[in-house]
Amino acid sequence: MDKKTIKDIEVTGKTVLVRVDFNVPRNKETGEITNDNRIVAALPTLKYLLEQKPKAIVLFSHLGKVKTEEDKAKNDLSVVAPRLSELLGVDVKFVNCTRGPELENAVKEADNAQVILVQNTRYEKGESKNDPELGQYWASLGDVFVEDAFGSVHRAHASTAGIPAHLPSAAGFLVEKEIAYIGKAVSDPERPMVAILGGAKVSDKILVIENLLKIADKVIVGGGMTYTFMKAMGHEIGNSLVEDDRIEVAKEIIEKGGDKLILPVDSVINNAFAAEGDIKVCGEDIPEGYMGLDIGPKSVENIKAALEGAKTVVWNGPMGVFEMEPFAKGTIAVCEALANLPDANTIIGGGDSAAAVMQLGYADKVSHISTGGGASLEYMEGKVLPGIAAIDDK
Ligand SMILES: Nc1ncnc2c1ncn2[C@@H]1O[C@H](COP(=O)(O)OP(=O)(O)OP(=O)(O)O)[C@@H](O)[C@H]1O
Ligand SMILES: O=C(O)[C@H](O)COP(=O)(O)O
């Protein structure tokens, strides 16, 4: 990486500001954390910093989307402090504000590598607008800045891009690792390279498909996106998910992709968006009143064949509605096919595909599961990520 990393900067005795991504999924009713992967992923950086004996480690993170007072109550970051403290094995002081004397005094009085967690950065209106005053204010609390929130580096926000404009800055181990895996896969992949793209919306992934068609040897499309492509080819798609305003783009991609592009040839369909009903397999044309909810067995065989001998695989988006057991087979088959490629560099781009791999028990069978949903997608699109661009060059 051409950016400074945490080992390139001096932190002993200093106040280190760290942007982490503790935007963790929570139970809608109880508010309890349902998956602490993003906290676990930040531990190597935080443990390393503790060993260097800084004066203080001040952690900034957002949680959820905050637009109203009600959103604030729903996205109180204090829920993270006890779990972080347990995982890190040290006391974590939670500061229930994002500016003012309480925060300033907590930082001033901190000593002996005290870990401080600041309330949700999105409680500040200026955070998402990258308000320069806010970035400068937060920067004034510390001596150096460490960017370790890979999941948020595609956002040009005050805490991701504003603070490092005013302080010496470096990437943490998580950012370094994510960039190493995803960066190598998209800029210098071992071949053959196969990209698998699924999930719900074509519009979210068009640019990724286009960029990966330039890089990969094969691009497999599955999931709800399939049916926009099927319609573009003139097939009947029943009530399947479709984005009519993307049909033309889908046609262009089909033409550009040629033999590289592998689309499903059959689907598991149902007469309702439900785990029960008249569930059956059909070919490329879906009868009226039915919708495609998973790729079918022939498509699974085609995907397995396409993956044979692959040395690099990037996967983003499930092949079907894997949350419902009857429609999980396509996604499970991809997990199994990746597990059967022990020598390949297999990379799962965050979000739902990461959840699927973990939920289905394949987490230790792949090389890397990204902590970034949107961030890993934008990286695969070839975009400059503002949170990375803001880090000091080596
Ligand atoms: N055939 C289908 N019809 C409708 N929904 C589908 C279909 N196939 C997959 N999905 C749904 O797509 C959703 C995932 O889509 P999404 O585009 O968000 O994936 P992702 O890229 O893994 O996630 P993220 O965007 O959060 O990174 C899942 O909830 C899944 O149920
Ligand atoms: O969950 C994510 O992808 C990151 O934490 C970024 O969250 P955001 O999409 O709300 O900016």
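A pocket is an open set of points on a 1 Å grid over the protein atoms alone, with protein on both sides within 12 Å along at least five of seven lines. A molecule sits in one if more than half of its atoms lie within 2 Å of its grid points.

This is a predicted model: local features need pLDDT of at least 70, side-chain atom pairs count only at pLDDT 80 or more, and totals for chains, interfaces and linings use all residues. Residues are numbered from 1 along each chain as its sequence is written, ligands are numbered from 1 in the order in which they are written, and side-chain values use heavy atoms, without hydrogens and water.

**Exercise 1.** State where ligand 2 sits, and describe its shell.

Step 1. Ligand 2 sits in the largest pocket.

Step 2. List the residues with a heavy atom within 4 Å of the ligand. They are Asp21, Asn23, Arg38, His62, Lys65, Arg122, Gly151, Ser152 and Arg155.

Step 3. Sort them, with Asp, Glu, Lys and Arg as charged, and Gly among the polar. The shell has five charged residues, four polar and no nonpolar.

**Exercise 2.** Find polar contacts (N or O pairs within 3.5 Å) of ligand 2.

Step 1. Take Arg155: a side-chain N or O atom lies 2.6 Å from a ligand 2 oxygen.

Step 2. Take Asp21: its polar side-chain atom is 2.8 Å from an oxygen of ligand 2.

Step 3. Take Asn23: here the distance to a ligand 2 oxygen is 3.0 Å.

Step 4. Add the cover. Alone, ligand 2 exposes 310 Å², and the protein buries 84% of that (Shrake-Rupley method, 1.4 Å probe).

Note on methods: A polar contact is a pair of N or O atoms within 3.5 Å; within protein, one must be able to donate a hydrogen and the other to accept it, and residues adjacent in sequence count only if both atoms are side-chain atoms. On a 1 Å grid over the protein atoms alone, a cavity is a set of points where a 1.4 Å probe fits but cannot get out, and a pocket is an open set with protein on both sides within 12 Å along at least five of seven lines; lining residues have an atom within 4 Å of a point.
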